[in-house]
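Please look over the sequence and the model below before reading on. The paragraphs after them are meant to be read with both at hand.

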Amino acid sequence: MERPRHPNPVLEAIYSRRSVRDYAPEQIPRELVYEIIRAGTWAPSGLNNQPWRFVIVRDAEKRESLARLTRYGEIIRRAPLVIAVFVDKDAMYHEVKDHQAMGACIQNMLLAAHALGLGAVWLGEILKNAELVRETLSLPENLDLMAVVALGYPKRRDQRSSRKPIEEVIVKEYW
Ligand SMILES: Cc1cc2nc3c(=O)[nH]c(=O)nc-3n(C[C@H](O)[C@H](O)[C@H](O)COP(=O)(O)O)c2cc1C
């Protein structure tokens, strides 16, 4: 199904956000990077425990080391900056709920990037090498990798995606 359009700016942002995997060479201003992380931190979390932790990686050598840990390495090489997103095991109180909060955090980041005119993609395939990512970034064992978010100004804005119609995913209705 084609993406819906909506006059409400929040809904329109949700519908128009696409994964962006190709970027222009421009660097992202530091303030925008912090804004994206701030938006991540305004996600809901159980007991408001805010278990998210972030590592900003602009350095080309570090990005190259990360790129070698996923088959989507080309995206990490092309992106001017990536943010590795971790959950702090020491801050967790409930396996499922903390991971749900992390998903909400990452989605907030994607939407914030989109709202700021940037493009982003959630990279999960790299989780197969989560331990190596942690070591590459010299991080302690309490940090568990949840995703790498690649960021940059989109080279193109013609990305398309599709979704199942809601009739297919609504299992029952008790009105
Ligand atoms: C948990 C998760 C893991 C993902 N991992 C990758 C990945 O490793 N590489 C990639 O190119 N895209 C990855 N994506 C992006 C999805 O492919 C993308 O969100 C999906 O195709 C829908 O497209 P859209 O984001 O443009 O709507 C991931 C998304 C999620 C939520």
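What follows goes from the overall fold to the core, then to a long-range view of single residues, and ends at the ligand.

The model is a predicted one, and its secondary structure comes to seven helices and four strands. Read from the N terminus, the elements follow the order α-α-β-α-α-β-α-β-α-β-α. The C-alpha atoms fill a box of roughly 50 × 40 × 30 Å along the principal axes. For a chain of 175 residues, a compact globule would be expected to have a radius of gyration near 16 Å, and the 17 Å found for this chain agrees with that expectation. Of the 175 residues, 30% are buried. When contacts between residues at least 6 apart in sequence are considered, 79% of them join residues at least 24 apart.

Which residues have the most contacts inside the largest nonpolar core? This core has 43 residues, and the ones in question are Val82, Val149, Ala150 and Leu151. At least two core residues are supplied by each of H2, S1, helix H3 (60–67), helix H4 (73–78), strand S2 (81–88), helix H5 (95–115), strand S3 (119–123) and strand S4 (143–152). Leu151 shows how such a residue is surrounded: leaving aside residues up to four places away in sequence, Leu151 touches Ile28, Ala79, Leu81, Val82, Ile83, Ala113, Leu118 and Ala120.

Helix H5 deserves a closer look. At 1.5 Å a residue, the 21 residues of H5 should span 30 Å, and because the end C-alpha atoms are indeed 30 Å apart, the helix agrees with the expected span. The buried residues of H5 are Asp98, Ala101, Met102, Cys105, Ile106, Asn108, Met109, Leu110, Ala112 and Ala113. In reading such a list it helps to recall that an α-helix has 3.6 residues a turn, so residues three or four places apart point the same way. The buried residues of H5 pack against H2, S1, S2, S3 and S4. After the helix comes Gly117, whose phi is positive, near 85 degrees.

Positive phi values also occur in the loop between helix H2 (30–41) and strand S1 (52–57), where Asn48 lies. Asn48 is not a glycine, yet its phi is positive at about 50 degrees. Gln50, which lies in the loop between H2 and S1 as well, is likewise a residue other than glycine with a positive phi, near 45 degrees. Are these residues buried, or exposed to some degree? Asn48 counts as exposed because it has 7 C-beta neighbours inside 10 Å, whereas Gln50 is partly exposed, with 17 other C-beta atoms within 10 Å.

From this loop one can turn to Val87, which lies in strand S2. Val87 counts as buried because it has 21 C-beta neighbours inside 10 Å, where 20 or more are required. Residues up to four places away in sequence aside, Val87 touches Pro51, Trp52, Met92, Asp98, Met102, Asp144 and Met146. The C-alpha atoms of Val87 and Tyr23, which stand 64 residues apart along the chain, are separated by 27 Å. Met92, one of the residues that Val87 touches, lies in the loop between S2 and H5. With 18 C-beta neighbours inside 10 Å, Met92 counts as partly exposed, and, with residues up to four places away in sequence not counted, its contacts are Pro51, Val87 and Asp98. Met92 and Gly46 are 46 residues apart along the chain, and their C-alpha atoms are separated by 9.3 Å.

The last part of the picture is the ligand. The residues surrounding it are Arg18, Ser19, Arg21, Tyr72, Val121, Trp122, Leu123, Gly124, Glu125, Gln159 and Ser161. By character, the shell divides into four nonpolar, four polar and three charged residues. Glu125, one of the residues around the ligand, lies in the loop between S3 and helix H6 (130–136). Glu125 is partly exposed, with 14 other C-beta atoms within 10 Å. Apart from residues up to four places away in sequence, Glu125 touches Thr70, Arg71 and Tyr72, and Tyr72 is itself among the residues that surround the ligand. Thr70 is 55 residues from Glu125 along the chain, while the C-alpha atoms of the two are separated by 6.3 Å.

Note on methods
Residues numbered from 1 in each chain as written. Predicted model: local features only at pLDDT ≥ 70, side-chain atom pairs only at ≥ 80, totals over all residues. Near = placed C-beta within 6 Å. Nonpolar A, V, L, I, M, F, W, Y, C, P; charged D, E, K, R; others polar. Buried ≥ 20, exposed ≤ 12 C-beta atoms within 10 Å, placed from the backbone. Rg over C-alpha atoms; globule rule 2.2 N^0.38 Å. Contact = placed C-beta atoms within 7 Å. Core = buried A, V, L, I, M, F, W, Y, C linked by C-beta atoms within 7 Å. Expected span 1.5 Å × (residues − 1).
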